[in-house]
Amino acid sequence: MSAIDATSLTKRFGDEVALEGLDLVVEEGEVFGFLGPNGAGKSTTINLLLDFMRPTAGSASVLGLDARADSEVIRSRIGVLAEGIDLYDRLTGRRHLELAIDWADGEETPAELLERVGLSVEDAERPVGGYSKGMTQRLALAMALAGDPELLILDEPASGLDPNGIRTMRELVRSEAESGTTVFFSSHDLGQVEAVCDRVAILNDGELITVDTIDGLREAIGARAELYLRVPDEPDAADLSTVDGVADVAYEDGRLVVACTDPRAKALAIGRLLDADVEILDIDASSVALEDVFAAYTDGEIDVVREDDADADERGGRLSRVFR
Ligand SMILES: Nc1ncnc2c1ncn2[C@@H]1O[C@H](COP(=O)(O)OP(=O)(O)OP(=O)(O)O)[C@@H](O)[C@H]1O
């Protein structure tokens, strides 16, 4: 069973196309990044999955259940952190958590959830009307975790969080994923997505542009990772150019510069040198920023071609890329 399965999901507002024919499969247990510029259709997709709005065409299932017919059951089994969450100003943080636990039929205590998101017991006793943006976000995250959800849908979860809060959120996402929870992580923040996600979908102008791992995205745009190895002398015993995924090798100023088209080639190159008893004094590496990958996919450098479903790859990729 897939955690999320959207088929030809479409939403139009009059002439405005918010989402066009989205085919997307998120497997159970994945941390799945949902990326796209403003107005790409990310919130629309989440609203359709949660049955907060109805599709113009197409359908979606969540945890194997129909997003429209079974929306009540779905909502009781998932945790949602949505933008602009409505909290009751006069109720305390603790009361919000009690309600969330009650609603999700959870077994945890408010204190356990507070600790997980780094909110103090004292803060929890205050009405949330006086909370800062970051505190509100932490509380909303704690509420989403109530009842040990099978799927977490997080819309811009780092919004308003300070660096400590961001670290806490990342750790939470990882520990949730380790315990088998699927995480659907929608964000503009490429750094956040890169830090926690297994696979990423990029949406632009309501259309799915690609679904891939982050390394796969880099590879697809031909982005090279570079490995810098400080060595005492230019090694002649190990021919790195024959390592799979190594595109180029140069020796400059006492270091080897190894350009890799496949990020996995970095470890292979180091292994080859060690096998040849080459002493490595220092290691450094660079890779193309995800920002550059994102720009390549969303500024029109890459076209999208639809294939027949029969040709589609197993993991929901029903698109192929054509480079101009
Ligand atoms: N209720 C609505 N009425 C009319 N148009 C809408 C409505 N909701 C969304 N849209 C339009 O649909 C498109 C997709 O919007 P959506 O909010 O899904 O984008 P997004 O990727 O979540 O953007 P952001 O990152 O800015 O939150 C936009 O062009 C938006 O103006």
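This tour moves through a predicted model, from its domains to the ligand shell and then to two helices.

**The domains.** Begin with the whole protein and colour residues 2-216 as domain 1 and residues 224-286 as domain 2. The C-alpha centres of domain 1 and domain 2 are separated by 41 Å.

**The ligand shell.** Next, select the ligand and display the residues around it: Phe13, Glu16, Ala18, Gly36, Asn38, Gly39, Ala40, Gly41, Lys42, Ser43, Thr44 and His188. Two elements each give two or more residues to this shell, namely strand S2 (16-27) and helix H1 (42-49). The largest share, 3 residues, belongs to H1. Colouring the shell by residue class shows 7 polar, 3 nonpolar and 2 charged residues.

**Helix H7.** Now select residues 163-178, which form helix H7. With 16 residues at 1.5 Å a residue, H7 should span 22 Å, and the 23 Å between its end C-alpha atoms agrees with that expectation.

Which residues of H7 are buried? Show the side chains of Gly165, Met169, Leu172, Val173 and Glu176, where present, to see the buried set. Turn the view to look down the axis of H7: these buried residues fall within an arc of 100 degrees, and therefore line one face of the helix. The general geometry of an α-helix is relevant here: with 3.6 residues a turn, residues three or four places apart point the same way. Rotate to the other side of H7 to find Pro163, Asn164, Ser175 and Glu178, which are exposed.

To see what the buried residues of H7 pack against, add strand S3 (31-35), strand S7 (151-155) and strand S8 (182-187), together with helix H4 (110-117), helix H6 (133-145) and helix H8 (190-196). Just after H7, stop at Gly180, whose phi is positive, at about 100 degrees.

**Helix H4.** From the partners of H7, select H4, residues 110-117. Its buried residues are Pro110, Leu113, Leu114 and Val117. Viewed down the axis of H4, they occupy an arc of 105 degrees, so they line one face of the helix. Which elements do the buried residues of H4 pack against? Display helix H3 (93-103) and helix H5 (121-124) alongside H6 and H7 to see these partners. The tour ends at Gly118, which follows H4 and has a positive phi near 75 degrees.

Conventions
Residues numbered from 1 in each chain as written. Predicted model: local features only at pLDDT ≥ 70, side-chain atom pairs only at ≥ 80, totals over all residues. Domains from an automatic or database assignment. Near = placed C-beta within 6 Å. Helix = DSSP H or I, 4+ residues; strand = E, 2+ residues; numbered from the N terminus. Nonpolar A, V, L, I, M, F, W, Y, C, P; charged D, E, K, R; others polar. Expected span 1.5 Å × (residues − 1). Buried ≥ 20, exposed ≤ 12 C-beta atoms within 10 Å, placed from the backbone. Arc of directions from axis to C-beta. Contact = placed C-beta atoms within 7 Å.
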